[in-house]
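Here's a quick briefing on how the strands and helices fit together. Have the model open while you read.

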Amino acid sequence: MENIRVAIVEDDLVFQKAITKFINMQPDMIVVGVASNKNDAVNLAKSLAIDLILMDINLNGNESDGIFAALEILQFSDAKIIMLTCIDDASTIMDSFTAGVVHYVLKENYMEIPNIIRLLHKNGTPFKVLINEFSRLKKAEQLQDLSIPEKEIFDLLEQGYTQAEIGKILYKTENTIKTQIKSILKKLNVKSTKEALKKVELKGLLNKFEEPK
């Protein structure tokens, strides 16, 4: 049986070295690469065959860089990502799972990691199912005040259609669509469709975690 190929993303070089040694001591695992920042992590995932990534969240003082890295990596890689961090914050944990990671482990519990890796590599995880359901329920909660026609329009906005295109799809005039979109924005307490999508959409969190340019 081939070893489970693990990558480690950690900016604390002492801990990075220690966890690398710990993983390599496992008879069925091998660390195939390490990185200490977001860009190197993404490049590592692009260049190597990796089964699982242990990802720190706070990289070089950037408190969400681990989440940014996970979001980008999961756009092109099937590697499972475990957050390995000191951050014990409910919002950060939820953001991590919603971004697509499959487990969240505090560094003080590092001894649990090998068994977690084996479980995830063999069977996957129920966490993603739970997070997807949370996202669905959260979205439904945000849209609960919208009428059925308004929800239909919002769904098309999410898919990237313009107002003119939505009018053609729904056989409505552009003025009618504009009026209904104004109603949607008022109910969601936002000023633009972009803000509305950011407020409601939780699937990938790409808007929520958009990095400043």
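What follows goes from the sheet as a whole to its strand pairs and then the helices.

Keep in mind that this is a predicted model. At its heart is an open sheet of 5 strands, ordered β2-β1-β3-β4-β5 and paired in parallel. Strands β2 and β5 (103-106) sit at the edges, each pairing on one side only. From one strand to the next, the twist averages 25 degrees.

**Strand β1**
- Strand β1 covers residues 4-9, and 5 of its 6 residues are buried, so the rest of the structure largely encloses this strand.
- Buried here means under 20% relative accessible area.

**Who pairs with whom**
- Over 6 bridges, β1 pairs in the parallel sense with β2 (residues 29-35).
- Within that pair, look for valine 9 opposite alanine 35 of β2.
- β1 also runs parallel to β3 (residues 52-55), joined by 4 bridges.
- There, alanine 7 faces isoleucine 53 in β3.
- β3 in turn is linked to β4 (residues 80-85) by 4 bridges, again with parallel strands.
- Leucine 52 has lysine 80 in β4 as its bridge partner.

**Where the helices go**
- Helix α1 (residues 13-24) joins β1 and β2 in a right-handed β-α-β unit.
- Helix α2 (residues 38-47) lies across β1 and β2, at about 135 degrees to β2.
- Helix α5 (residues 113-123) packs on the sheet and touches β1, β2, β3, β4 and β5.
- The direction of α5 makes about 160 degrees with that of β4.

Notes: Residues are numbered from 1 along each chain as its sequence is written. This is a predicted model: local features need pLDDT of at least 70, side-chain atom pairs count only at pLDDT 80 or more; totals for chains, interfaces and linings use all residues. Side-chain values use heavy atoms; hydrogens and water are left out. Buried means under 20% relative accessible area, exposed over 50%, partly exposed in between (1.4 Å probe, protein chains only). Helices (H or I, at least four residues) and strands (E, at least two) are DSSP runs, numbered from the N terminus. Two strands pair if DSSP finds at least two bridges between them. A crossover is right-handed if, with the strands pointing away from the viewer, the path from the first strand over the helix to the second runs clockwise. Axes are lines fitted to C-alpha atoms, for helices over the stretch in contact, and angles run from 0 to 180 degrees between N-to-C directions. Contact means heavy atoms within 4.5 Å.
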